[in-house]
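Student: Could you take me through one part of this structure closely, and then show me how the rest fits around that part? I am new to this, so please go step by step.

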Amino acid sequence: MEKEKKSDRYISGAEARRLRRDNKREMLRLEKRKKAHIGEGQYLARMKNDQNLVEFEDLNVYFFTDGGVVKSVNGVSFDIPSGKTVGVIGESGCGKSVTALSLLQLIQAPQGQIVSGSIRFKTNDFERDDSGSPIPVYEYAPDADGKPAPVLTEKTDKRGKPVLDPDGKPLFVQKQLISEDGLPVFEMVDKTVDIAKMPVAALQKIRGRDITMIFQEPMTSLNPVFTIGWQLDEVTLLHVPGTTRKTARGHSIKMLELVGMAIPEKVCGQYPHELSGGMRQRVMIAMALACKPKLIIADEPTTALDVTIQAQILELLRNIKSQVGCGIMLITHDLGVIAEMADYVVVMYAGKVVETGTTEEIFAAALHPYTIGLQRSILSVNKKVGRLQSIAGQVPNPINMPDYCYYRDRCKSAFSACGGKPPRLCKVSDTHSVSCYLYDKAAGEAGGEA
Amino acid sequence: MKDVRESSVITDYKPDPENILEVRNLKKYFTVQASFFGKPLAFLKAVDDVSLTVGRGKTMGIVGESGCGKTTMGRTVLRLYDVTDGEIYFDGRNISREKRARLRDIRKDMQIIFQDPYSSLSPRLPISEIIAEGVRIHKIVPKNEIKDYVIGVMKKCGLPSHYYSRYPFEFSGGQRQRICIARALAVQPRFVVCDEPVSALDVSIQAQIINLLKDLQRDLNLTYLFISHDLSVVEHISDTIGVMYLGSLVESGDKSGIFGNPMHPYTQALFSAVPIPDPKTKMKRIILAGDIPSPVNPPSGCKFHTRCPHCTDICKDVAPKFSECEPGHHVACHLYTGCRP
């Protein structure tokens, strides 16, 4: 029998104590930053390219575990252009979900923390007056002379009863404009913020409104003790000031219609367990659309569903994208879904981006050995293959990442330069970048010597 | 279920010796509602009248959506569930009514690989023990040779011998699935039910396991009943394919027949729903409306008529027969009853 190797997970007691102490200090420091009361000026940023909706730049997300620091996302940079679908692919554990969650600062805290880097996002905030309340847009109608004049309406209290002045006459106020959805309209202003620097309190205004998320498991992401209608109304009530339960419910029903529910009024009164998997996923999509988001993060939206239901949901997402005009960040490990849905593809491996490009570039002319290996190892219907080519070996242990290219030990085309420091993402064309020394000869030679 | 036992008449049916497994009109109902005294009131018809044959050394693939009864069918074939009605002939022997004690020596010949490698291995046993347990019970090799034999099986399944005394938690998903395969193959079975063996694994690991299964089949002349919802995997590994919908087979036949000329509307929709990893191919999608109906109250007539794009009046009332439309290609659909001889 071969000699038993000592497990690479083994750490001594003293080492473990030191790790715990260091982790605690680091986690406390980063947690404090999230709760700090800082002004808006501290986290405003500028986009590098104005066409982009999101720009990730050198993002690092670490998990401080008792076994050591796991660099889940390790220097990730890519962009999501406005109104486009960006697909992120990679094996499980490669950091694709963590990248998406960091966009909402929803990483498991306090272990998981955004350590450095920036996530710039073009948000659409309410314009606020000096007291901090949002400024409503008023309705105007042409008067007798044809000039626009403010429309007046009776002032009402919260219960809808008219407010009377001391003489007993009703008071009149300017009427606020109501959008087609039945929701009050406010003055909006475009801002670019750096989400990595934002305190949680400020971020909560973006979560669920400008950036929404569709999770993999629709059963566990809906609350089993509240009705579907209640959970949908909550989104509108939270994010649009001045909505009443009644207008919110009307809006929720419209959203359920949009996602193709047959009897939305009935669904509103049902509980999540009464719906099937596909229906639940539709409810999740309706919830994500409630506030006209600018970006929808779809984290494996169809992995838990059957193929026929998957086809329905993908069709729905495509239609919605063209109707609402939002960007989609689609996370999946299914290359077929990516090919069908995405405009741009980001391939991740062990916490790093190994290749980015348009869908055509990635599928027709993939460059990185990992992308090529991934494409060869998948099966597809009506494609005859003798023997599947698999990628040998496994993803390296995330606690002890090698100090050379993470893919070298599994790579068939590794050469001397690959033993140097990990390669950087270099541009092959305007849209296509790859991080491999095979295509970065100059850096490869320098790296090989180093 | 007394009435059922009475209905099972002992037939003098002789199965074809070419086939290792023949299943005739297999039914498996679960009781979902019983009266106070235990009389069943409502059944979940998990497997409803399924007939299939698997040739020696061949692979039969079973595809279908979740909840269509493919796993129950696989387990009933192994008699892990008791049969409600119908016959299972394994190697020419009717095992559908065999007593539990007599099943033990059949179990040596038929094994199963489960879907989830995380929950199907006992966390308290080292993998040597997991693999050796069956070897010891079935007395495959003498006691003093067990260790060498287990290491041999492990090597065959791509597990280095120094893993011998490790525990399952020390392994990744792909390696765990290798352990499950080693456990199944250690008792030298001839027939293995693979119940979604790769769906819990990553794509690059999937390819390794599929290659391993194919190599082992070639070396050991195994027969597989390969259950999966992933059509591309089934297409790659199978010789014949059966498509299930709501407990029944709707179509079965050779791989080339099923993929080249899918006849049942459900098969057509299922195949068109699979995303193709090539942005240039734009598929003409048949998108089915609605969800799979409840198997407790299946629709009358053809079970698929609630979602079928070609539904006619007859489909709502009369269940179509599972009949041979082309040589070796069986379909249960009224659209093709005309071509029946």
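Tutor: Let's begin with helix α4 of chain B, residues 127–137, where B:Ile127, B:Ser128, B:Ile130, B:Ile131, B:Ala132 and B:Val135 are buried. Please keep in mind that this is a predicted model. What do the buried residues of α4(B) pack against? Their partners are two helices of chain B, α5 (146–156) and α6 (173–185). Just after the helix, have a look at the backbone: α4(B) is followed by B:Lys139, whose phi is positive, near 50°. Most residues other than glycine have a negative phi.

You can find that feature elsewhere too. B:Gln188 is not a glycine, yet its phi is positive, about 55°. This residue sits in the loop between α6 and β7 (191–195) of chain B. B:Gln188 counts as partly exposed because its relative accessibility is 48%. In chain A, the phi of A:Glu300 is near 45°, again a positive value in a residue other than glycine. A:Glu300 belongs to the loop between β11 (295–299) and α9 of chain A. With a relative accessible area of 8%, A:Glu300 is buried.

Now back to the packing of nonpolar residues. In soluble globular proteins, nonpolar side chains tend to be buried together. Here the largest nonpolar core has 70 residues, and those with the most contacts inside it are B:Ile113, B:Met154, B:Ile181, B:Leu213, B:Leu216, B:Tyr266 and B:Leu270. Helix α7 of chain B, residues 203–220, gives the most to this core, with 7 residues. Try centring your view on B:Ile181: leaving aside neighbours within four places in sequence, this residue is in contact with B:Ile113, B:Cys157, B:Ile209, B:Leu212, B:Leu213 and B:Leu216. There is also a second, separate core of 39 residues, which includes A:Val73, A:Phe121, A:Leu295 and A:Met348.

Can a polar residue be found inside as well as outside? A:Gln231, in helix α5 (residues 228–239) of chain A, is a good place to look. A:Gln231 counts as buried because its relative accessibility is 7%, under the 20% cut-off. A polar atom of the A:Gln231 side chain lies 2.7 Å from the backbone oxygen of A:Asn223. Apart from neighbours within four places in sequence, A:Gln231 is in contact with A:Leu222, A:Asn223, A:Phe226, A:Pro272 and A:Met287.

Next come the charged residues. Side chains of opposite charge can pair when their charged atoms come close. A search of the whole structure finds 39 salt bridges over all chains. One of them joins A:Lys34 and A:Glu31, whose closest N and O atoms are 3.3 Å apart. Both residues lie in helix α1 (residues 13–35) of chain A, 3 residues apart, about one turn of the helix. Both A:Lys34 and A:Glu31 are buried.

Another pair, A:Lys175 and A:Glu139, meets at 3.7 Å, N to O. This pair links distant parts of the chain, 36 residues apart: A:Lys175 is in the loop between β8 (172–174) and β9 (188–194) of chain A, and A:Glu139 is in the loop between β4 (112–126) and β5 (140–142) of chain A. A:Lys175 is partly exposed, with a relative accessible area of 32%, and A:Glu139 is also partly exposed, at 24%.

In chain B, the side chains of B:Glu98 and B:Arg93 form a salt bridge at 3.2 Å, N to O. B:Glu98 counts as buried at 12% relative accessibility, while B:Arg93 counts as partly exposed at 29%. Salt bridges can also join into a network, as they do for A:Glu40, A:Asp125, A:Lys191, A:Arg209 and A:Asp210.

Finally, let's see where the two chains meet. In total, 48 residues of chain A are in contact with 46 residues of chain B. The area buried between the chains is about 4000 Å², and carbon and sulfur atoms give 54% of that area. How many salt bridges does the rule find across the interface of chain A and chain B? There is 1, and in it the side chains of B:Arg285 and A:Glu340 meet at 2.8 Å, N to O. On the side of chain A that touches chain B, α9 (307–324), α10 (335–341), α11 (359–364) and α12 (369–377) each supply at least two residues. Of these, α9(A) gives the most, with 7 residues. The residues on that side of chain A divide into 18 nonpolar, 16 polar and 14 charged.

Technical notes
Residues numbered from 1 in each chain as written. Chains lettered and ligands numbered in written order. Predicted model: local features only at pLDDT ≥ 70, side-chain atom pairs only at ≥ 80, totals over all residues. Heavy atoms only, no water. Contact = heavy atoms within 4.5 Å. Buried area = accessible area lost by both parts, 1.4 Å probe. Salt bridge = Lys/Arg side-chain N within 4 Å of Asp/Glu carboxyl O. Helix = DSSP H or I, 4+ residues; strand = E, 2+ residues; numbered from the N terminus. Nonpolar A, V, L, I, M, F, W, Y, C, P; charged D, E, K, R; others polar. Core = buried A, V, L, I, M, F, W, Y, C linked by side-chain atoms within 4.5 Å. Buried < 20%, exposed > 50% of the residue type's maximum accessible area, 1.4 Å probe, protein only. Polar contact = N/O pair within 3.5 Å; in protein donor to acceptor, adjacent residues only side chain to side chain.
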